[in-house]
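Please look over the structure shown here together with its sequence. The report below concentrates on aromatic side chains and on one helix.

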Amino acid sequence: LEVADISADTAVAWRLARAYHDLADLRPAAEREGLLRAGLDVARVALEQAEPASVDWAFSHKWVAIVLGALGEFVATKEKVANSFAIKESLELASRKLTDDSSVQLALGEWCFKVATISWIEKNAAKMLFGQAPTSSLDEALGFYERSWEIRPSKKAAYKLGLIHSKQGEPERARQWFEAALGIAPAGDADAELDRLVRGEL
């Protein structure tokens, strides 16, 4: 499908963006960037066409943010830092409408976790390029992961909760979350990889 083919139906457009993202997760690294960029184009079209503050507008913001975040592994530091501000804004806008969407809360947790653990190089590059670096903390990430888990328990939320408690020097709480992650049956290759990471922490 071309972007023009779906621009008139935002409900189809943001779902197509999600499909591109999910397909990219299953493909080799050499194919991922192209799929993610196609998904971002579609999500942006959906956002432009959606009625402001509608559910489709919120879902479009959600997938713009998620796909833009996934593209981080393929872009230079300057672009990654610039994208981080846009990602946070889109996720916050989406969360106001999609209050019970566990994946939006998970994505906000991911944003906070990445920013809280940003490298010295990226932090200083952000200050030089934009006058400031995005800021967050592990405690802020923890709150979003906990909210995501409350809405819908997931392997990734449990794994990240375990990681944060481990970083905060709470090994028992970390172990509880890692075991909770392993207690959820894997639903695909991504979950199988999470199980491998969890076992490496135990």
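What follows is a short report on a predicted model, arranged by topic.

## Aromatic pairs

Searching the whole structure yields three aromatic pairs. One of them is formed by Trp14 and Phe59, which are stacked with 4.3 Å between centres and 15° between planes. This pair connects distant parts of the chain, since Trp14 belongs to helix H2 (residues 10-26) and Phe59 to helix H4 (residues 55-70), with the two positions 45 residues apart. Trp14 and Phe59 are both buried.

Another aromatic pair is made by Trp149 and Trp177, and here the arrangement is edge-to-face, at 5.0 Å centre to centre and with 90° between the planes. This pair also links distant parts of the chain, with Trp149 in helix H8 (residues 138-151) and Trp177 in helix H10 (residues 171-182), 28 residues apart. The two partners fall on either side of the burial cut-off, which is under 20% relative accessible area: Trp149, at 21%, is therefore partly exposed, whereas Trp177, at 18%, counts as buried.

## Surroundings of Trp63

Helix H4 also contains Trp63, which counts as buried because its relative accessibility of 8% is under the 20% limit. Leaving aside residues up to four places away in sequence, Trp63 touches Trp14, Ala17, Arg18, His21 and Ala43. Trp14, one of these contacts, is the residue that stacks with Phe59. A further distance for orientation is that between the C-alpha atoms of Trp63 and Ala46, which are 17 residues apart along the chain and separated by 9.6 Å.

## A charge over a ring

Away from the aromatic pairs, a lysine is placed over an aromatic ring: Lys160 lies over the face of Phe113, at 4.9 Å from the ring centre.

## Helix H5 and its packing

Helix H5 (residues 77-97) consists of 21 residues, and its span from first C-alpha to last is 31 Å, close to the 30 Å expected at 1.5 Å a residue. Its buried residues are Val81, Asn83, Ser84, Ile87, Lys88, Ser90, Leu91, Leu93, Ala94 and Ser95. As background to reading such a list, an α-helix has 3.6 residues a turn, so residues three or four places apart point the same way.

The buried residues of H5 pack against H4, helix H6 (102-116), helix H7 (120-130) and H8. Two of these partners also appear in the aromatic pairs described above, with H4 carrying Phe59 and H8 carrying Trp149.

Methods: Residues numbered from 1 in each chain as written. Predicted model: local features only at pLDDT ≥ 70, side-chain atom pairs only at ≥ 80, totals over all residues. Heavy atoms only, no water. Phe/Tyr/Trp six-rings, centres within 6.5 Å; stacked < 30°, edge-to-face > 60°. Helix = DSSP H or I, 4+ residues; strand = E, 2+ residues; numbered from the N terminus. Buried < 20%, exposed > 50% of the residue type's maximum accessible area, 1.4 Å probe, protein only. Lys NZ or Arg CZ within 6 Å of the ring centre and 35° of its normal. Expected span 1.5 Å × (residues − 1). Contact = heavy atoms within 4.5 Å.
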